[in-house]
Amino acid sequence: MNQDDDAAPVEMLASLCEARGWQYEFVGEDELTTEIQGSWATYQLRAVWRREDHVLQLICLPDIRVPDDKKAPMYEVLSLVNEQLWLGHFDVWSNGMVLLYRHAMMLGDEGLLSLAQAQTAIEVAVEECARFYPAFQFILWGDKSPADALASALVDAAGEA
């Protein structure tokens with residue numbers, strides 16, 4: 001595939017995974033899953049193409065489950081974190097209480113994805129998971145308040161070089 005060529009979204013993402021040496025798997029014709037090593041964890045990335053809507057949804061899962069006793073502070077920190085985002089948002093799936101980052105891209109009538117779009121979407125998902133991972137851990141393991149967890153995470157991230 002020529003770098004300037006656009007392609008069907010799942011095929012473009014598969015090509016990107018191959019180029020980066022990431023193992024991936026098709027979960028049906030319009031869904032792909034891969035794992036990407038981030039700075040704090042290995043993230044599962046799922047891409048789902050909805051042909052009828054021309055929407056590609058990317059879901060990045062940092063392998064964090066929210067226990068019942070942490071729901072309230074986790075939802076509060078999620079609202080604070082989501083205020084910081086330009087693209088996508090964090091959420092907790094009610095089925096299994098799994099934390100995730102989700103971003104949907106409308107690709108127009110052609111339904112094609114460029115290499116640059118694919119790279120940017122994946123990089124943003126992984127970067128946002130890495131940027132806010134400490135805040136979620138401060139809630140789950142450090143018993144910090146949501147505001148303190150976010151402030152601590154952003155200070156730590158600013159200090160990394």
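## A guided tour, starting at Met97

Select Met97 to begin: this residue counts as buried, at 12% relative accessibility. You will find Met97 in the loop between strand 5 (89-93) and strand 6 (98-106). Check its backbone too, as phi of Met97 is near 50°, a positive value in a residue other than glycine. That is worth a look because most residues other than glycine have a negative phi. Keep in mind throughout that this is a predicted model.

**Next, zoom out.** Colour by secondary structure and you should see 4 helices and 6 strands. Following the chain from the N terminus, the order is α-β-β-β-β-α-β-β-α-α. Along the principal axes, the C-alpha atoms fill a box of roughly 50 × 35 × 25 Å. The radius of gyration is 17 Å, which agrees with the value near 15 Å for a compact globule of 161 residues. Of those 161 residues, 45% are buried. Turn on contacts between residues at least 6 apart in sequence, and 51% of them join residues at least 24 apart.

**Now look inside.** Which residues touch the most other members of the largest nonpolar core? Select Leu13, Phe90 and Phe136, the three that do so within this set of 51 residues. Then highlight helix 3 (residues 115-140), which gives the most to this core, with 15 residues.

Stay with Phe136 and show its neighbours. Leaving aside residues up to four places away in sequence, Phe136 touches Ile64, Met74, Val77, Leu78, Val81, Phe90 and Leu99.

**Move on to the loop between strand 4 (55-61) and helix 2 (71-82).** Two residues here make a nice pair to select: Lys70 and Asp63. Are they buried or exposed? Lys70 is buried, with a relative accessible area of 11%, whereas Asp63 is exposed, at 65%. Around Lys70, show Ile139, Leu140 and Asp143; Lys70 touches these three, not counting residues up to four places away in sequence. At Asp63, turn to the backbone: phi is near 60°, a positive value in a residue other than glycine.

**Finally, switch to the surface.** The protein exposes about 8,700 Å², and carbon and sulfur atoms supply 49% of that area. Colour the charged side chains and you will have 10 positive and 27 negative ones to find. The centres of these two sets lie 7 Å apart.

Conventions. Residues are numbered from 1 along each chain as its sequence is written. This is a predicted model: local features need pLDDT of at least 70, side-chain atom pairs count only at pLDDT 80 or more; totals for chains, interfaces and linings use all residues. Side-chain values use heavy atoms; hydrogens and water are left out. The radius of gyration is taken over C-alpha atoms; the globule rule is 2.2 Å times the number of residues to the power 0.38. Buried means under 20% relative accessible area, exposed over 50%, partly exposed in between (1.4 Å probe, protein chains only). Contact means heavy atoms within 4.5 Å. Accessible areas come from the Shrake-Rupley method with a 1.4 Å probe; for residues, only the protein chains shown count as cover. Lys and Arg count as positive and Asp and Glu as negative; His and the chain ends are not counted. The place of a charge is taken as NZ of Lys, CZ of Arg, CG of Asp or CD of Glu. A nonpolar core is a set of buried Ala, Val, Leu, Ile, Met, Phe, Trp, Tyr and Cys residues joined through side-chain atoms within 4.5 Å.
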